[in-house]
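Please look over the sequence and structure shown here before reading on. The briefing after it goes topic by topic.

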Amino acid sequence: MLTLAFLPPFLIGFTITNTCFKRQGTGAGILKCSLGMGLGMGICSLLYFLLRPINPSLWAVMTTELVFLICAATAFYLFKKPALFISLAANKPDAFGKDSSAELLITRIASILFIFSLCNALLNFSLASLAQPNGDWDAWAIWNLKARFLYRGTNEWTRVFSSIIDQSHPDYPLLLPSFIARTWLYLRHETLYVSICVAGLFALGIVGLLTASITIFRNRLQGYLAGLFLLSTPFFIVITAAQYADVPLAFFILAVIVLLTFAEQSDEGSKSLYVLAGIMGGLATWTKNEGLLFVIAVAFSRVAVAAYMRGWKKGRKQISYFCMGIAPILLILVYFKLHFAPVNDLVGGQNLSTFDKLTSPSRYYKVIYGFITKSTSFGRWIGSPAILLIVYALFFGTHSRPEKSNIANVLAIAITLLGYSLVYIVTPHDLTWHINTSIDRLLFQLFPSMLFSYFMTVTSPTYFLQPEKREEPALQ
Amino acid sequence: MQPTSGRKPQLFIYLILSCIALQQLYILNSNRIAFLNKSTLPFGQSDSVAVYEKKLVNAVSLLPPKSKIGYIQDSGLSVMQGHIFLSQYAMAPRLLQEKSLSDTVLANFPISGTIEHPNNPLYTERKNWLVLKDFKNGFFLIRRK
């Protein structure tokens, strides 16, 4: 029954992804499944939220989802396109070679290690979920609490926005609570398995999206390495089992970055990929308030890179397609913010002291120090993963031709981090407390995207194992 | 570092894979510890949330879903342990208001045990309050006289 409840979102998401993304193959299949599951959960969450004030019955929700699925399937047949050509691995200097036995052996070892890591992560997640099936603090104080209000509060569901429970952040967007409540409605009872499955599926989506996209863009070894770095980060499983919304947000951020990279690297350019990236960006804003900051950063980074590379005319078109995807979800978000949500505590807490905070060097020092110390020890590895990644990059170097999309992705991540820093500087809460309780999660939101940008930039080891294809990397 | 010779990059990538394998063994060991410490209670009944839900099951059945009641707890209970959040989670969609107490209040007194205890936060005004229901687990439903 639980599987059946997750089937409509998967079908909706997969059909839309398949409509926009025509590439075929195993890697593309994994990519589409990963994107489709997250996208479907996001869309079903929005549909449930829109239906909640009108008719929150099971039949109404099921019918709406079915209509949506039929529309998506119709669009799939109407907009049939030839397979998208993307100038990927085959043209890269680090492309997979023909018959290098060293390459094959290393890739085989990496693939075995990847499967082992995936099983290890699943076991870790299952044990952690058994120990705390309701998740950690934010799960029961914010996300699952809201889901209970939406599901249990027949006519009083708007109590979820009451100022009485202001410490549960009534202004936070509702992707996660709305989807959980919708699935409980399908099952006709509340069960802890739903929130556990949602968390697990988003985490699995991140792994699939990261590994498959790097495999398609670079090669299998590089893809496995990216996946291995993610799966070897204990904090990834900890935060997934905690059922925090940072995992879905990290998924949507990564989806935007990956889809924009695909769109920009396809020779003819793909409008539908920009629209899909826009939809994913919209769902990021529907997951957490930080998603809005990221979307602004993405738009700004693309405009800046287009202006710098003198491709403004093309860039403007791309931005407009991205906006077409994001606009409907932003409208729903505006409706939610204006009609239901109270003022955000970080915004409402601003007063004249904000100027003092902005001019206080000690606050800047605290924030920078917090980011540096947390970044170097991020992920709860035995040692520092940052050192391992730096050594790896120094050893293998980067590509001689930096790609436009990579520059824009790094810029988007950097702007988002700057935005987070600014929020810390003007926070009305105690700064040390605020940093200590949230910086890990903020870094995690961008961590999969950072790994994607990193493995897109660093030369693959396979390049050095193919003497006949060598070309000097830019940095060694 | 310049990975120009054939074997150097090969050795280096093996080193990287070894580091990852070591990290995986570390995760596997944490899995082993988690498995050994696994609760014997049925699924969903071992964490603090389940404890609160069990304690408040009678209070939930007593109060209508539309109700908005006050919440007070022993001053010895740490705010960092999130007792109000756990109670709110169990009581949803009933609203618990902590700041200004309404007439009916859900009292969480696991330390003082009774309103008559000198360490109880309502001790000074105990004559103004009537115990409606003692749930015998530290929770009380009290009402202003």
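What follows describes the confidence scores, the two chains and the contact between them.

This is a predicted model, and it scores ipTM 0.89 and pTM 0.92. Chain A has 20 helices and zero strands, while chain B holds an open sheet of five strands. The two chains touch through 45 residues from chain A and 39 residues from chain B.

**Confidence**

- Chain B has a mean pLDDT of 85.
- In chain B, 94% of the residues reach a pLDDT of 70 or more.
- For the model, the ipTM is 0.89 and the pTM is 0.92.

**Chain A: build and dimensions**

- Helices number 20 in chain A, and strands number zero.
- The C-alpha trace of chain A spans about 70 × 60 × 50 Å along its principal axes.
- The radius of gyration of chain A is 22 Å, which agrees with a compact globule, because a globule of 476 residues would have a value near 23 Å.
- Of the 476 residues in chain A, 51% count as buried.
- Among the contacts in chain A with a separation of 6 or more, 81% are made by residues 24 or more positions apart.

**Chain B: the sheet**

- The five strands of the open sheet in chain B follow the order β2-β1-β3-β5-β4, and their pairing is mixed.
- At the edges of this sheet are β2 and β4 (129–134) of chain B, each of which pairs on one side only.
- From one strand to the next, the twist averages 35°.
- The edge strand β4(B) pairs with strand β5 (residues 139–144) of chain B in the antiparallel sense, over five bridges.
- B:Lys133 has B:Leu141, in β5(B), as its bridge partner.

**The contact between the chains**

- Chain A supplies 45 residues to the contact, and chain B supplies 39 residues.
- On the side of chain B that touches chain A, α1 (7–36), α4 (83–91) and β2 (95–97) of chain B each supply at least two residues.
- The largest share of that side, 19 residues, comes from α1(B).
- By class, the side of chain B that touches chain A has 25 nonpolar, eleven polar and three charged residues.
- Strand β2 of chain B thus appears under two topics: β2 is an edge strand of the sheet, and β2 also supplies at least two residues to the side of chain B that touches chain A.

Key
Residues numbered from 1 in each chain as written. Chains lettered and ligands numbered in written order. Predicted model: local features only at pLDDT ≥ 70, side-chain atom pairs only at ≥ 80, totals over all residues. Contact = placed C-beta atoms within 7 Å. Helix = DSSP H or I, 4+ residues; strand = E, 2+ residues; numbered from the N terminus. Nonpolar A, V, L, I, M, F, W, Y, C, P; charged D, E, K, R; others polar. Pairing = 2+ DSSP bridges. Axes fitted to C-alpha atoms, helices over the stretch in contact; angles between N-to-C directions. Rg over C-alpha atoms; globule rule 2.2 N^0.38 Å. Buried ≥ 20, exposed ≤ 12 C-beta atoms within 10 Å, placed from the backbone. pLDDT = per-residue confidence, 0-100.
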